[in-house]
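The report that follows goes from the overall fold to two of the helices, and then to individual side chains. Please keep the sequence and the structure at hand while reading.

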Amino acid sequence: MDARIVVGVDGSDESLAALRWALREAALRGASLLVLHAWAYPAAVGFPTMRLVDPGVMKESSEALLADAVRNATAGAPSTVAIDPVVTEGAAARALVDASEGADLLVVGARGHGGFLGLVLGSVATQVVHHATCPVVVVPSAAAAD
């Protein structure tokens with residue numbers, strides 16, 4: 001069975017650092033890389049947002065975000081790593097935990113685009129650390145790494 005690393009990307013600087021780290025690790029291990037972006041309907045109190053947001057637009061936007069992230073992370077660095085970009089609808093933590101099944105490693109940034117800036121670990125990182133079925137690497141933010 002081939003080695004597989006999963007990395008979560010939400011477009012934040014932290015997730016892009018996690019993607020670059022995961023690419024280097026996949027090259028060292030001879031592993032493939034599943035790059036995952038999960039999207040969900042925006043939350044709005046009192047409004048049925050599912051009726052206001054076109055899922056096709058959300059998916060296209062997510063696919064563009066993921067393609068840009070992969071392009072930026074791999075620019076100028078020849079790589080033999082097989083990359084499988086995946087966009088899915090749903091909560092990011094749940095999607096990453098599900099993707100961790102059978103993976104050799106799960107990689108996430110310390111914090112993403114969530115709203116709790118004072119936290120050392122974001123909510124997604126916290127959830128995957130506690131629930132993933134494989135080892136998890138949390139790549140620290142640039143500020144934490146200094």
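## Contacts and overall fold

Two residues are taken to be in contact when they have heavy atoms within 4.5 Å of each other. On that basis, in this predicted model, residues 24 or more positions apart account for 75% of the contacts in the protein that have a separation of 6 or more. One pair that is distant in sequence is V138 and S15, which are 123 residues apart along the chain, while their C-alpha atoms lie 9.8 Å from each other in space. Of these two, V138 is found in strand β5 and is partly exposed, its relative accessible area being 27%, whereas S15 is listed with the buried residues of α1.

The protein contains six helices and five strands, and these follow one another along the sequence in the pattern β-α-β-α-α-β-α-β-α-β-α. Of its 146 residues, 35% are buried. The accessible surface comes to about 8400 Å², and carbon and sulfur atoms contribute 58% of that area.

## Helix α1

Helix α1 covers residues 13–29, which is 17 residues, and the distance from its first C-alpha to its last is 24 Å, close to the 24 Å expected at 1.5 Å a residue. Just after this helix, G30 takes a positive phi of about 70°.

The buried residues of α1 are E14, S15, L16, A18, L19, A22, L23, E25 and A26. The elements that cover them include the strands β1 (4–8), β2 (32–39), β3 (83–89), β4 (105–109) and β5 (136–139), together with helix α3 (55–74).

## Helix α3

For the 20 residues of α3, a rise of 1.5 Å a residue gives a span of 28 Å, and the end C-alpha atoms are indeed 28 Å apart, so the two values agree. Within α3 the residues S62, L66, A69, V70 and A73 are buried. Seen down the helix axis, these buried residues fall within an arc of 95°, and they therefore line one face of α3. An α-helix has 3.6 residues a turn, so residues three or four places apart point the same way.

Which elements do the buried residues of α3 pack against? Their partners are helix α1 and the strands β2 and β3. On the other side of α3, E60 and N72 are exposed. Just after α3, G76 takes a positive phi of about 75°.

## Salt bridges within helices

Side chains of opposite charge can pair when their charged atoms come close. How many salt bridges does the model contain? The count comes to four, and three of them are described here, beginning with the one between K59 and E63, whose closest N and O atoms are 3.6 Å apart. Both K59 and E63 lie in helix α3, four residues apart, or about one turn of the helix. K59 is partly exposed, with a relative accessible area of 41%, and E63 also counts as partly exposed, at 37%.

In helix α4 (residues 92–99), R94 and D98 are likewise four residues apart, about one turn of the helix, and their side chains meet in a salt bridge with an N to O distance of 3.1 Å. D98 has a relative accessible area of 45% and is therefore partly exposed.

## The E25 site

Is E25 in helix α1 buried or exposed? Buried means under 20% relative accessible area, and E25, with a relative accessible area of 18%, is therefore buried. The side chain of E25 meets that of R29 in a salt bridge, with 2.8 Å from N to O. Both residues lie in helix α1, four residues apart, about one turn of the helix. R29, at 42% relative accessibility, counts as partly exposed, so this salt bridge joins a buried residue to a partly exposed one.

Leaving aside its neighbours within four places in sequence, E25 is in contact with I5 and L105. Strand β1 covers residues 4–8 and strand β4 covers residues 105–109, and both are among the elements that cover the buried residues of α1, E25 being one of those buried residues.

Definitions and conventions: Residues numbered from 1 in each chain as written. Predicted model: local features only at pLDDT ≥ 70, side-chain atom pairs only at ≥ 80, totals over all residues. Heavy atoms only, no water. Buried < 20%, exposed > 50% of the residue type's maximum accessible area, 1.4 Å probe, protein only. Areas by Shrake-Rupley, 256 points an atom, 1.4 Å probe, with all protein chains shown as cover. Expected span 1.5 Å × (residues − 1). Arc of directions from axis to C-beta.
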